Amino acid sequence: MAAKLSAVVDVHHCNISYPSDKNQPPHFTASPLRISTKRFTIFCTSSKSPPKTAPGKAESKKRKTPSLSEQLKPLSNTILSDQPNESHQLLSKPKSIWVNPTKPKPSVLSLQRQKRSSYSYNPQIRDLKHFAKKLNDCHPADDAAFQAILEEIPHPPNRDNALLVLNSLRSWQKTLLFFNWIKTLNLFPLETIFYNVTMKSLRFGRQFQHMENLANEMIENGVELDNITYSTIITCAKRCNLFDKAVQWFERMYKTGLMPDEVTYSAVLDVYAKLRKVEEVMSLYERGRASGWKPDPVAFAVLGKVFGEAGDYDGIRYVLEEMKSVGVQPNLVVYNTLLEAMGKAGKPGLARSLFEEMLDSGITPNEKTLTALIRIYGKARWAKDALELWDRMRLNGWPVDFILYNSLLSMCADLGLEEEAESLFEDMKGSESRKPDSWSYTAMLNIYGSGGNADKAMRMFEEMSDKGVELNVMGCTCLIQCLGRAKRIDDLVQVFESSVDGGGIKPDDRLCGCLLSVVSYCEGEDVNKVLACLHKANQNLVAFIKSLEEEDTKFENVKQEFKGILSNTAVDARRPFCNCLIDICRNRNLRERAHELLYLGTMYGLYPGLHTRTEEEWRLNVRSLSVGAAHTALEEWMQTLTKLVQRREALPEVLSASTGAGSHKYSQGLANAFASHAEKLAAPFKLREDKAGGLFVATREDVISWVQSRAASLASIA
DNA sequence: GTAGGGTTAG
């Protein structure tokens with residue numbers, strides 16, 4: 001199974017089967033990834049004659065996160081044989097009715113938790129605690145001193161005394177030394193609990209190898225490994241990112257006939273959650289449920305986390321429904337996890353109502369709750385809610401920590417709340433425990449950068465170096481963006497060189513994207529200065545720009561080069577790269593190239609939903625495009641519509657283009673640019689003032705007569 | 001850190 005963990009699993013062809021032997025862990029089989037070969041074009045005209053710009057096949061490698069219902073489908077078909085006449089609907093409770101009564105219900109976990117041995121009071125506790133403290137205080141490198149203290153143990157190191165001391169040692173090295181000392185004394189047999197206590201300390205020190213050695217020693221010496229041993233091993237492996245080890249030890253439990261209890265089981269759920277293996281988590285969860293398990297809040301927190309990381313809102317709802325149907329009241333951690341998950345799934349409104357529900361249930365938020373919520377409101381640009389929450393925090397005296405302070409600053413940056421950020425930043429400078437760090441300064445650079453205040457941004461930059469706060473790659477990006485917009489290219493070059501050559505900043509794709517955007521709008525010698533910076537960060541990109549400018553570069557070459565660049569670029573930065581490259585082409589009068597890049601970008605899945613069609617309305621969605629890319633898309637669309645009209649093909653009643661309203665304070669240019677471009681083409685798109693979100697609309701009749709008049713005027717020119 | 005599982009920042 002360890003090998004399968006790294007395999008690509010096609011969820012649509014994932015079969016999960018029960019092992020025939022109940023002492024086998026649940027396992028998964030998967031068919032190899034299928035490559036989609038669906039044809040697509042930028043704008044579909046008709047089936048009769050595809051546009052000439054559509055020669056390719058889909059080569060998008062990006063795979064959509066499957067929805068929960070898609071993931072549950074194979075599960076419900078293969079293992080959950082409940083309610084055979086009903087389709088297994090999303091959010092329906094997976095009731096486990098085992099259909100074959102001659103076979104026992106397969107069990108994957110023990111419903112009884114591991115019993116702990118009870119401690120008896122140790123009358124020597126004070127002396128032994130004092131002894132343990134001496135061991136803890138002993139210099140870590142001084143083995144001789146440690147041994148000397150050991151000899152002075154105030155009471156005989158019998159089972160109970162040794163256990164008490166073992167439990168009181170802090171560092172894993174000392175725990176291990178003490179454990180080995182007890183072992184050499186050979187006064188009593190070392191039971192499981194001695195190993196478990198030692199392992200706990202090793203886990204704290206993230207010492208998986210030592211831990212595994214101890215586990216193997218237990219096996220050799222015939223000491224029983226219990227659920228506590230296994231859960232400690234599994235969580236240690238997880239913390240050390242040794243996920244295959246975690247799974248390996250989990251499998252070993254079943255092989256030796258030991259059933260995991262719910263603690264071990266949810267530890268393993270979390271291993272798969274960390275690996276973002278949603279379908280495996282669900283499979284384990286469902287199988288646990290089928291075994292009669294009533295999951296507790298910890299299990300639901302794991303489930304919530306995995307759906308949050310997948311951005312799967314249906315999954316989050318499923319978790320909420322499951323909790324309701326199992327009768328589990330969410331606790332603070334579960335709420336925090338689900339709030340975080342709602343943010344990742346892009347549902348600020350639902351996060352808000354979940355937060356209110358949490359308050360209504362009598363739970364007080366902690367720093368993590370508030371950090372999650374502030375961040376969600378900031379990213380959603382919900383200024384009113386963010387400021388309201390901030391007020392409530394102060395009013396109610398809710399807990400605040402350093403991370404929350406920095407998150408508030410970042411929220412101010414997201415919302416362009418310069419004054420609020422400045423006053424918070426001053427508060428932090430005045431406090432003893434919350435002095436601004438590189439996160440805080442980055443937020444300030446972000447605020448001044450996106451506000452176009454290059455002087456203040458540079459002052460921050462200087463203050464950082466005075467105070468010895470290191471600039472990080474994001475701060476550097478904000479600063480460079482700001483200096484670029486202010487056309488302070490020499491300052492830009494100086495900041496770039498000092499931070500990359502001297503400051504140890506490794507340029508990432510975002511920083512390259514930022515330099516690329518500066519290239520798109522600067523002129524003259526400045527272009528070469530910025531390109532020289534970009535060359536240090538990404539040589540291929542600069543070579544590609546040069547090749548775009550050369551007339552004899554063939555489309556096939558552009559395609560191959562661009563594909564290579566995109567596949568070496570972080571997913572988040574791919575669309576910005578494409579947008580900037582299109583802008584560069586347009587600003588250099590390379591219109592054909594711009595169209596080629598838009599076509600390729602669409603083909604590689606960078607602009608999903610660029611064009612949506614219903615029977616009544618076709619819509620061009622340019623909100624994720626740069627100005628140049630939006631121009632290019634509009635031209636492309638007009639060409640397509642022209643062809644359709646000329647061929648007398650059916651058009652919908654309404655044609656529209658959506659530019660977005662530019663909810664960010666500093667990004668309102670697209671609607672204006674679009675309006676003026678439509679005007680230049682004399683295209684009949686009119687801004688709908690009554691609708692929010694920059695919507696331009698034309699009727700079918702307007703478009704037809706516009707095309708006909710254009711054709712007439714073109715004919716008259718000819 | 002009570003022999004074991006889950007939650008904070010571009």
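1. Where DNA strand B comes within 4 Å of the protein, 38% of its atoms there belong to sugar or phosphate, and the rest belong to bases. This is a predicted model, in which local features need pLDDT of at least 70, side-chain atom pairs count only at pLDDT 80 or more, and totals for chains, interfaces and linings use all residues. Residues are numbered from 1 along each chain as its sequence is written, and side-chain values use heavy atoms, with hydrogens and water left out.

2. Around DNA strand B there are 54 residues (a residue is near the strand if one of its heavy atoms lies within 4 Å of it), and those that come nearest are Tyr-119, Arg-203, Asn-336, Arg-375 and Thr-442. By class, this surface has 21 charged residues (Asp, Glu, Lys and Arg), together with 19 polar and 14 nonpolar ones.

3. Three side chains deserve a look for their N or O atoms. That of Arg-375 has such an atom 2.3 Å from a phosphate oxygen of DNA strand B, while a polar side-chain atom of Lys-238 lies 3.3 Å from a phosphate oxygen of the strand. Asn-331, by contrast, places a side-chain N or O atom 3.0 Å from a base nitrogen.

4. On confidence, chain A averages a pLDDT (the predictor's confidence in each residue, from 0 to 100) of 85, and 84% of the residues score at least 70. Over residues 44-99 the pLDDT stays under 50, although the model has 110 contacts (heavy atoms within 4.5 Å) beyond four places in sequence for this stretch.

Notes: Chains are lettered from A and ligands numbered from 1 in the order in which they are written. A polar contact is a pair of N or O atoms within 3.5 Å; within protein, one must be able to donate a hydrogen and the other to accept it, and residues adjacent in sequence count only if both atoms are side-chain atoms.
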